[in-house]
Amino acid sequence: MGSDDPVNVNQFQQLAKQLLPKMYYDFFAGGAEDEHTLKDNIKAFSRIMILPRVLVDVSRIDMSTTILGFETSSPIMVAPTSYHQLAHPQGEVATARAASACNTIMVMSYSSTRTIEEVASSCDGVRFFQVYVYKRRDITAHLVQRAERNGFKAIVLTADTPRLGRREADIRNRMIRPHLKNFEGLISTKADSLARGSNLQAFVADTFDASLSWKDIEWLRSITKLPILIKGVLTGEDAMRSLEAGVDGIIVSNHGARQLDYTPATISVLEEVVRAVGFKVPVLLDGGVRRGTDVFKAIALGARAVLVS
Ligand SMILES: Cc1cc2nc3c(=O)[nH]c(=O)nc-3n(C[C@H](O)[C@H](O)[C@H](O)COP(=O)(O)O)c2cc1C
Ligand SMILES: CCCCC(=O)C(=O)O
């Protein structure tokens with residue numbers, strides 16, 4: 001290993017900043033508005049201390065666990081993130097191979113740059129499919145069913161994005177979204193720069209169904225047999241509502257602080273959600289997980305696993 005090789009996730013982020021065009025780096029790294037929650041997701045972890053017990057035999061460590069009955073080598077899954085080809089030509093196929101090599105679960109984004117079929121055929125591995133609901137429900141149903149046919153094992157419904165968060169870096173950079181091959185022939189995938197603002201934001205306003213509500217979990221269940229997880233829960237109330245709706249898992253998430261700024265740091269609300277759920281379904285968490293100690297803290301506070309972006 002050379003002395004410049006990264007030894008932690010933060011150093012990978014610095015390398016990305018050096019290598020990527022500013023428009024893309026800012027898209028990947030940025031949050032909504034003041035980016036208060038973006039910082040707090042990380043700070044909240046740093047406020048939690050660990051009290052170790054000594055003289056415990058740690059010569060054999062087994063971090064494996066099961067999530068919805070699927071075995072993974074550790075409680076660390078890959079969070080759904082859009083547009084991987086903006087960072088690397090192989091895009092989500094490379095991510096899928098990495099997740100498979102680590103024997104963990106990848107959640108593939110609805111806004112992936114490689115297709116469901118390309119990812120499914122690239123390697124073995126347990127994969128879940130994340131879903132945004134479009135106004136054109138037929139398109140969303142088509143994608144969910146393609147994922148099911150291609151061996152994806154669960155649906156992750158992202159509940160915190162009826163509209164896109166106000167990401168000021170993207171507005172300033174006049175962010176241009178990439179071409180999404182999954183939607184070829186289904187919607188216009190041409191993406192032009194706008195005279196002002198983020199074309200991603202304009203696209204979401206045109207395409208995403210802002211009327212998304214609890215009853216749509218039933219709709220989702222009517223189009224797929226796969227288990228459904230809900231992503232974006234931050235309160236005990238919504239956790240209980242999720243159970244009533246019959247979900248198979250809950251992901252405590254504020255979308256990496258990219259949606260509503262001034263939501264609480266995810267690790268600070270985990271216990272409340274876990275208490276409301278009472279281990280009836282697995283509770284997962286993402287947001288600010290950058291180190292093994294963060295994973296440990298989330299597990300200790302009741303998460304079954306974490307997702308990293
Ligand atoms: C570049 C980027 C793209 C994302 N795209 C999606 C997406 O398509 N669907 C989704 O549900 N969440 C998306 N997220 C949110 C992540 O799944 C996850 O909730 C969040 O990144 C966790 O916080 P962290 O970035 O601090 O790890 C995205 C996050 C990032 C950073
Ligand atoms: C239209 C895709 C939105 C992607 C996303 O969820 C994110 O950038 O956070």
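Q130 lies in strand β5, and I shall begin there. Please keep in mind throughout that this is a predicted model. Q130 is buried, because 20 or more other C-beta atoms within 10 Å is the criterion and Q130 has 24. Leaving out residues up to four places away in sequence, Q130 touches P80, V107, M108, S109, Y110, V156 and T158. Two of these partners, S109 and T158, return in an annotation that I shall come to, and that annotation also includes Q130.

Let me widen the view to the strand as a whole. β5 is mostly covered, with five of its five residues buried. Which residues lie on each face of β5? On one side are R127, F129 and V131, and on the other are F128 and Q130; both faces are covered, and these residues are all buried.

Next, the neighbours of β5 in the sheet. Strand β4, residues 106–108, pairs with β5 in the parallel sense over three bridges. Within this pairing, V107 has F128 of β5 as its bridge partner. Between the two strands the chain passes through helix α5, residues 116–122, in a right-handed β-α-β crossover. β5 is also joined to β6 by three bridges, and these two strands run parallel. Here F129 stands opposite I155 of β6. The connection from β5 to β6 goes through α6, and this β-α-β crossover is likewise right-handed.

I turn now to the annotated positions. In an unreviewed entry, UniProt places the feature "binding site" at Y132, R167 and H255. Y132 is found in the loop between β5 (127–131) and α6 (137–149). Is Y132 buried or exposed? Y132 is buried, since 20 other C-beta atoms lie within 10 Å. Setting aside neighbours within four places in sequence, the contacts of Y132 are Y110, T158, T161 and F208.

R167, in turn, is found in the loop between β6 (155–158) and α7 (168–173). R167 is buried as well, because there are 23 other C-beta atoms within 10 Å. With neighbours within four places in sequence again left aside, R167 is in contact with G30, A32, S198 and R258.

H255, from that UniProt feature, brings us to ligand 2. Which residues surround ligand 2? They are S82, S111, T161, L200, V204, H255 and R258. Sorted by class, this shell has two nonpolar, four polar and one charged residues. T161 in this shell is also a contact of Y132, and R258 in this shell is also a contact of R167.

A further "binding site" annotation, again from an unreviewed UniProt entry, covers S109, Q130, T158, K231, S253, R258, D286, G287, G288, V289 and R290. R258 therein is one of the residues around ligand 2.

My last residue from this annotation is D286. Where is D286 placed? D286 is in strand β9, residues 283–286. D286 is buried, since 26 other C-beta atoms lie within 10 Å. Not counting residues up to four places away in sequence, D286 touches A79, I251, S253, T266, V306, L307 and S309. Of these, S253 is covered by the annotation that also covers D286.

To close, I return to the starting point: Q130 lies in β5, with β4 paired to this strand and β6 joined to it by three bridges.

Key:
Residues are numbered from 1 along each chain as its sequence is written. Chains are lettered from A and ligands numbered from 1 in the order in which they are written. This is a predicted model: local features need pLDDT of at least 70, side-chain atom pairs count only at pLDDT 80 or more; totals for chains, interfaces and linings use all residues. UniProt positions are given in the numbering used here, feature names are shortened, and annotations may be inferred rather than shown by experiment. Helices (H or I, at least four residues) and strands (E, at least two) are DSSP runs, numbered from the N terminus. A residue is buried if 20 or more other C-beta atoms lie within 10 Å of its own, exposed if 12 or fewer, and partly exposed in between; C-beta atoms are placed from the backbone. Two residues are in contact if their C-beta atoms, placed from the backbone, lie within 7 Å. A residue is near a molecule or strand if its C-beta atom, placed from the backbone, lies within 6 Å of it. Ala, Val, Leu, Ile, Met, Phe, Trp, Tyr, Cys and Pro count as nonpolar, Asp, Glu, Lys and Arg as charged, and the others, Gly among them, as polar. Two strands pair if DSSP finds at least two bridges between them. A crossover is right-handed if, with the strands pointing away from the viewer, the path from the first strand over the helix to the second runs clockwise.
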